[in-house]
Amino acid sequence: MKLFILYENEEWMLPIRAALHKLDIPYIDWHIDEITYIDYDTPPPQGVFWNRMSPSSHLRGRSNFAQKTSHILRWLELYDRQVINGYSSWQLEINKMQQYLALIDAGINVPRTISVFSPEEITNAAMKIGFPVIIKHNCGGRGEGVEKLDNAKELSHFVEQRRSQSPDGILLVQEYIASSEPYIIRVEMIGGSMVYAVKVSTELGYNLCPADSCASSLAQICPASGNMERFSILSGFQSHVLKRYQEFMQRNNIEIAGIEMVISRDGEIYTYDVNMNTNYNSQAEQNTGHNANETLALFLRSKLGDAHSLPDL
Ligand SMILES: Nc1ncnc2c1ncn2[C@@H]1O[C@H](COP(=O)(O)OP(=O)(O)O)[C@@H](O)[C@H]1O
Ligand SMILES: [Mg+2]
């Protein structure tokens, strides 16, 4: 059985490939650009497929990535291929509002959010929610398009400027959750279990991508970040919300995810981002005994072991 990895960002693959090599796990790189058509009459190759596509692919020049990936995943599933983070999980990855609705459906608390389909509605939505508000793209990642607006003046400036657009044209206006300390918690889940939780400082802005490549590019923009523990692992993190996360993932066929939460000043947990395409920060892992890429590689190997070839339709 072969493992095919559908991906688009080379940089994020490096630590994953290293972990797979270390354990001698065979895999095939399946770069999204190599797939130039899908003919649904043709069966996909036999194998286990892992979707590593990112909702921020448009920032790296791939404007049709959302639909293209949807076509590929549905095609694989039509032929009963085993897909890790397959079609239903991808629909939540590229659509934050759907993600929130699915979280609410699983009994998880999310910040109040209004999706707006026309710029005129941004002001109405902000008035309903009350300042400060967070504006974010319905499809995005790495903090792209995320802004906090504190008052009506900032809001009208934002509306006039009409900055970057979500690839689907949909903006979300969201309740801002103030926390007593400037950090969020990201819970890394693989195969239904928590690997660890990581505390991420929010003092340097909204791109909280833990990948080593993202963290080092941030260090170039802000030299001070090099001296700062931006990511730190919380050993033995416990919360009543973890059980809900497991249920949410199971219901939506999500096997690998980094789930982000913020704790409000009155101690309430708000979950606001689920990253099926998740990355791990090696600096934070140092001296903790954790190696999430290795846990991931072991999980992928177990999937290869479980998979049985099914006859083509
Ligand atoms: N409702 C919110 N309240 C407070 N901070 C928020 C809220 N939403 C987002 N943020 C901050 O912005 C960052 C990026 O937002 P997020 O929804 O995770 O977008 P992305 O998918 O681009 O990572 C978060 O990690 C958090 O620090
Ligand atoms: Mg996020």
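Which residue in strand 4 stands opposite W50? The views below, which begin with this pairing, show a predicted model, in which local features need pLDDT of at least 70, side-chain atom pairs count only at pLDDT 80 or more, and totals for chains, interfaces and linings use all residues. Residues are numbered from 1 along each chain as its sequence is written, and chains are lettered from A and ligands numbered from 1 in the order in which they are written.

**View 1. Strand 3 pairs with strand 4 in a parallel, open sheet.** W50 stands opposite I84 in strand 4. Strand 3 (residues 48-51) and strand 4 run parallel and are joined by 3 bridges; strands are DSSP runs of E with at least two residues, helices are runs of H or I with at least four, and both are numbered from the N terminus. Two strands count as paired if DSSP finds at least two bridges between them. The open sheet comprises 4 strands in the order 2-1-3-4, with parallel pairing. Its edges are strand 2 (27-31) and strand 4 (82-84), each of which pairs on one side only. From one strand to the next, the twist averages 25°.

**View 2. Helix 10 lies across strands of the sheet.** Helix 10 (residues 292-306) lies across strand 1 (3-7), strand 3 and strand 4, and runs at about 145° to strand 3. Axes are lines fitted to C-alpha atoms, for helices over the stretch in contact, and angles run from 0 to 180 degrees between N-to-C directions. Contact between two residues requires their C-beta atoms, placed from the backbone, to lie within 7 Å. E294 is found in helix 10 and is partly exposed, with 18 other C-beta atoms within 10 Å. A residue is buried if 20 or more other C-beta atoms lie within 10 Å of its own, exposed if 12 or fewer, and partly exposed in between, with C-beta atoms placed from the backbone. The C-alpha atoms of E294 and S201 are separated by 25 Å, the two residues being 93 apart along the chain.

**View 3. Strand 8 pairs with strand 5 and with strand 6.** Strand 5 (residues 113-116) runs antiparallel to strand 8 and is joined to it by 4 bridges; here T113 has Q174 as its bridge partner. Strand 6 pairs with strand 8 over 5 bridges, also in the antiparallel sense, and K136 has L172 as its bridge partner. Because 5 of the 5 residues of strand 8 are buried, this strand is largely enclosed by the rest of the structure.

**View 4. Ligand 1 is surrounded by a shell of residues.** Of the 21 residues around ligand 1, those that come nearest are P111, I177, Y206, L208 and D273; a residue is near a molecule or strand if its C-beta atom, placed from the backbone, lies within 6 Å of it. Strand 6 (133-137), strand 8 (171-175), strand 12 (256-263) and strand 13 (269-275) each supply at least two residues of the shell. Domain 2 (113-175) and domain 3 (179-303) each contribute at least three, the domain bounds coming from an automatic or database assignment. The shell has 10 nonpolar, 5 polar and 6 charged residues. Ala, Val, Leu, Ile, Met, Phe, Trp, Tyr, Cys and Pro count as nonpolar, Asp, Glu, Lys and Arg as charged, and the others, Gly among them, as polar.

**View 5. Domain 1 is in contact with domain 2.** Domain 1 spans 3-93 in the domain assignment. In this view, 7 residues of domain 1 are in contact with 6 residues of domain 2. The side of domain 1 that touches domain 2 has 3 nonpolar, 4 polar and no charged residues. The C-alpha centres of the two domains lie 31 Å apart.
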